[in-house]
Amino acid sequence: MTRLTAILATTTCLAAPASAEMLPLEKDELTFGFIKLTDMAPLAVAYEQGYFFDEGLFVTLEAQANWKVLLDGVIDGQLDGAHMLAGQPLAATIGYGTEAHIVTPFSMDLNGNGITVSNEVWAEMKPNVPLDAEGRPQHPISAAALKPVIEAYRAEGRPFNMGMVFPVSTHNYELRYWLAAGGIEPGYYSEQNTTGQIGAEALLSVTPPPQMPATLEAGTIYGYAVGEPWNQQAVAMGIGVPVITDYELWKNNPEKVFGLTAEFVEENPNTTLAVTKALIRAAMWLDENDNANRAEAVEILSRPDYVGADPEVIAASMTGTFEYEKGDVREVPDFNTFFRHHATYPFYSDAVWYLTQMRRWGQIAEARPDSWYDEVARSVYKPEIYLEAARMLVEEGLADEADFPWDSDGYKAPTPAADIIDGIPYDGRSPNAYLDSLPIGLKGDQRVVGTEIQG
């Protein structure tokens, strides 16, 4: 049995003290990919603060043109690992799109996304939005305020186009969730039609994150879902208004992961542990002392080699606030969360949520039993590796024992109704019951055939 196989099979090794000595690395020169988004921060911080170097790792970080190029780079070995959409390892592993077994020992963050609409659309939505005691739009803003706008566009023969970053992105599923919660059909996928626009009232299509503001300004799309800093960039440019953050949509929802091929992890178990240790330290640094290091993090991320946006734009969300309409700045201290709330632990229940959304919109064509969701989650998310890395950090005096969920079975407590915009709770242990509870979306044995839902 290889060392990694033993790690994956059991967590009993966690009871034994880990060595404080540097791990004997199978590979010490590594290249990691990322997309120019604020939530790539753990990679930049692990590099700039010397955490990779502390583990004996010589890392090169390379920005990628888009999510497909990034995934292909990991699969073909040009990249050793990457900042990934959480849906990418899951989709690849089940064979949706590019097929490959990708795993993650580390979740990169919670929250961090928003949904932005053009100024024109916001002006049309705003009369439908209730005001708070101070006369400001009351948050969270429901997509119900957008529904009459879309209906007016359709009556004029104008398709209502919106952007998201990739078919298996959190942003696609969050935008769909928000639209559906407001009574708007976001469309379905089928095995023959992968546009995701079957039966759609709002037409969603892919736009790379850094291109979102320019595409909105050009009028090609009327709104989009994306990670920071590209919602705040629309505010800074005066071209759009973020109407909701994903923190308001689903409090402390999972976001990106760090992905590697299962083959790489199997062949390089010590290297994988070393990388995970460095990333955990980076996440801790980003959140420690009530975000005291965020100003330095903003400076790092603003560099052209990383996100390359103006520091003021990155700081608008990274330092605990979020700007909606120009001048409407509100406190959102957990908008970007990197370590608090066990943000870095790869929970099976997070994986299951992504799989339910794939099923909900037809990317998973047929019904699957609850056991299937659990099996796929366990094949991709690797908390055993994460906890061994965490144990090493604790033994080395670099992390606190109390900061890690040692006794977790991999599933979070159910998310209460009050923490989700549509008031429907989520329990990762019961994916089919959860799907049945959602008013819009595939349920039971339903499937998309042609342009119809059957079953």
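## Pockets and ring pairs in a predicted model

About 220 Å³ of space lies in the second largest pocket of this structure, which is a predicted model. Of the 13 residues that line the second largest pocket, Tyr96, Glu191, Gln363, Ile364 and Ala365 are the closest to its centre. When the lining of this second largest pocket is sorted by class, it is made up of five nonpolar, five polar and three charged residues. Where does the second largest pocket lie with respect to domain 1 and domain 2? Residues of the lining come both from domain 1 (29–110 + 253–346 + 382–412) and from domain 2 (113–250), so the second largest pocket lies between these two domains.

The largest pocket can be read in the same manner. About 280 Å³ of space lies in the largest pocket, and 17 residues line it, with Lys251, Asn252, Lys412, Ala413 and Thr415 lying nearest its centre. The lining of the largest pocket divides into seven nonpolar, five polar and five charged residues.

From the pockets we can turn to the aromatic rings, for which a search of the whole structure finds 23 aromatic pairs. One of them is formed by Tyr188 and Trp361, whose rings are tilted, with 5.5 Å from centre to centre and 50° between the planes. Why does this pair tie together parts that are 173 residues apart in sequence? Tyr188 belongs to the loop between helix H8 (170–181) and strand S8 (203–206), whereas Trp361 belongs to the loop between helix H16 (348–360) and helix H17 (370–380), so the pair joins parts separated by that stretch of the chain. Both Tyr188 and Trp361 are buried.

Ring pairs also build a cluster, in which Tyr173, Tyr177, Trp250, Trp353, Tyr354, Tyr426 and Tyr434 are linked. Tyr177, a member of this cluster, has a charged neighbour as well, for the charged end of Arg360 sits over the ring of Tyr177 at 5.1 Å from its centre. An arginine is likewise placed at Tyr153, where Arg158 lies over the face of the ring, 4.1 Å from the ring centre.

A last stop is Glu124, which lies in helix H6 (residues 119–125). Is Glu124 buried, exposed or partly exposed? Its relative accessibility is 33%, and because buried means under 20% and exposed means over 50%, Glu124 counts as partly exposed. Glu124 and Glu366 are 242 residues apart along the chain, and their C-alpha atoms are separated by 39 Å.

Notes
Residues numbered from 1 in each chain as written. Predicted model: local features only at pLDDT ≥ 70, side-chain atom pairs only at ≥ 80, totals over all residues. Heavy atoms only, no water. Phe/Tyr/Trp six-rings, centres within 6.5 Å; stacked < 30°, edge-to-face > 60°. Helix = DSSP H or I, 4+ residues; strand = E, 2+ residues; numbered from the N terminus. Buried < 20%, exposed > 50% of the residue type's maximum accessible area, 1.4 Å probe, protein only. Lys NZ or Arg CZ within 6 Å of the ring centre and 35° of its normal. 1 Å grid on protein atoms, 1.4 Å probe; cavity = no way out; pocket = protein on both sides within 12 Å on 5 of 7 lines; lining within 4 Å. Points joined across faces, edges and corners; volume = space filled by probe spheres on them. Nonpolar A, V, L, I, M, F, W, Y, C, P; charged D, E, K, R; others polar. Domains from an automatic or database assignment.
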